[in-house]
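Biologist: Could you take me through one part of this model at close range, and then show me what surrounds it? I would enjoy a connected account, with the cut-offs spelled out.

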Amino acid sequence: MNLKMKLAALLVVVTLAGTGSISIAALSSMKSTAEESISDSLRATATNTSEQIGGWVSANAKVVETTALNIQATVPLNQIAEKHVQAFTSESNKDKIGDMYVGLEDGTLVDGLGWVPPAGYDVHARPWYIEAKATNALNFSNPYLDPASNEYAVSIGYPLQDAKGQFAGVVAGDMRLSTLTETINNIKIDGGFAFMTDKTGAVLAHPDSEDVNKPLKDIADYAGIADQLLQNDSGSLEYTYKGEPQLLYYQKVEGTGWVIAASVSKSHAFAEYTQMRNLFVGGILLLVVLLTGLAVFAAARLIKPLILLQKSAQSMAEGDLTVSVDVKGKDEIGKLGTAFNEMSSSLRELIHAAAGSAEGVENSAKYMHGQAESAKHISDQIAVVIEELAKGATDQASSIQTGVEQLGDMNESIEAIASSAGLAASSADDVTEAMKGGLEAVASQGDLTEASRSSAGRVEEANRRLGDQTVKIGEAVSLIHTVA
């Protein structure tokens, strides 16, 4: 990957890191807002419905309770008649309670609609009677099939007491499940629905009629959340209904233990958020494309001076020392261009200096050559002097030999003089001549010795000059090494 693509990739990564973090934060905030909005909507629906159902149930319970207290206070138990339990038929209570009736400990049943129980009907076995007697207080029964209307109903039961304060019977009123179902089904939840259960988890109202009167635990979609719905007074959860993820908020109806639940499809609830998220992601992808193009363009503009520097450096490497770059700006690249131009100028000066040094080396070499010639001439002179010294030594040796021979002759002459005194006079001239020759030989020996001393001085001077030339040659060699 070249520098341009690296810079472009770096620009894109840095930009995406910034925009990505902001986008993630924005999406997270949007999702949290959507979840909060949906939760608030479901909570409001469940709470309002709970309050509505609670108010309706409380009103009905109040009718049953008031009727029971009136009967208990004004009517002897054995004189209770149909008219005493017809408060539900008044205009103010219309469509609230479907029927009211009284069941006594002696098995008597008085129905406000005039319904006569069939043979074998046992008041003591009815759920509304059993539960009210067990609690000895206002009670809401589990759903049951009302034989009078052949519909499922929930009874509101209130215990009756005799004059001694003992349990004597139950006044009850029926709220038909159809009424509850109609009330629940009238709750409009966009993309969802509401349902209601009693305190045991049996479904009182549900858009799907097949689920009504069934325990939640027996319905596959609700089996996993049944316990949570019954154990808590309110809350929210997620579950799957008919293969569709759902968000649910539930609220218990005060005083009854019934549960009102508002459920909405998760995909529907987050549809707006999903749309916004997709737009956001699409915008980010478009931004990535635009940023990539912009980054490539910016990187190309940014490294253009570097490319020119590279070409100039290549030209310099090929021998063109006159090359320079056009410096624009005062940023790092501009400073690099200035440094390159300074380097080029310094390199030219260095080459010029090297050329001058090379000329100096050439001159030094010529001088060394001359010095070498001088040294050779001196060496030749030394050789001549040595040859002369050798010749002088030879001549000196020859003269010494001659002197020795002459001295020998002189000895022979002296012996001859000693042996023949008579011949002394005649030989005196010969002796004189021999002594003169000896003296000349000695004088010649002195001259040869002086000549030998002079030749030795000349050799010493030649050696001194040769040493000076050697030092100069060493300096020239050191100069050449320094230039190199």
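Modeller: Happy to; here is a close look at one strand, followed by its sheet and the nonpolar cores. Please keep in mind that this is a predicted model, where local features need pLDDT of at least 70, side-chain atom pairs count only at pLDDT 80 or more, and totals for chains, interfaces and linings use all residues. Residues are numbered from 1 along each chain as its sequence is written, and side-chain values use heavy atoms, with hydrogens and water left out.

Let us start with strand β10, residues 244-252. Helices (H or I, at least four residues) and strands (E, at least two) are DSSP runs, numbered from the N terminus. Because 7 of the 9 residues of β10 are buried, the strand is largely enclosed by the rest of the structure. Buried here means under 20% relative accessible area, with exposed over 50% and partly exposed in between (1.4 Å probe, protein chains only).

On one hand, β10 pairs with strand β9 (residues 234-241) in the antiparallel sense over 8 bridges; two strands count as paired if DSSP finds at least two bridges between them. Leu 247 in β10 has Glu 238 opposite. The hairpin of β9 and β10 has 2 residues between the strands, and Lys 242 takes a positive phi near 55° there.

On the other hand, β10 has an antiparallel pairing with strand β11 (residues 259-265) over 7 bridges, in which Leu 248 has Ser 263 of β11 as its bridge partner. The hairpin of β10 and β11 has 6 residues between the strands, and Gly 255 in the turn shows a positive phi of about 85°.

Now for the whole sheet. It is open, has 5 strands in the order β8-β7-β11-β10-β9, and pairs in the antiparallel sense. Its edge strands, β8 (203-205) and β9, each pair on one side only. Neighbouring strands are turned by 30° against each other on average, direction ignored (axes are lines fitted to C-alpha atoms, for helices over the stretch in contact, and angles run from 0 to 180 degrees between N-to-C directions). Towards the β8 end, strand β7 (residues 192-197) and β8 share 2 bridges in the antiparallel sense, with Thr 197 opposite Val 203. Helix α3 (residues 177-185) packs on the sheet, touching β7, β8 and β11 (contact means heavy atoms within 4.5 Å), and its direction makes about 70° with that of β8.

Finally, the cores: a nonpolar core is a set of buried Ala, Val, Leu, Ile, Met, Phe, Trp, Tyr and Cys residues joined through side-chain atoms within 4.5 Å. The largest has 48 residues, of which Met 196 and Trp 258 touch the most other members. Helix α1 (residues 3-74) gives the most to this core, with 12 residues. Apart from it lies another core of 16 residues, including Phe 193 and Tyr 241.
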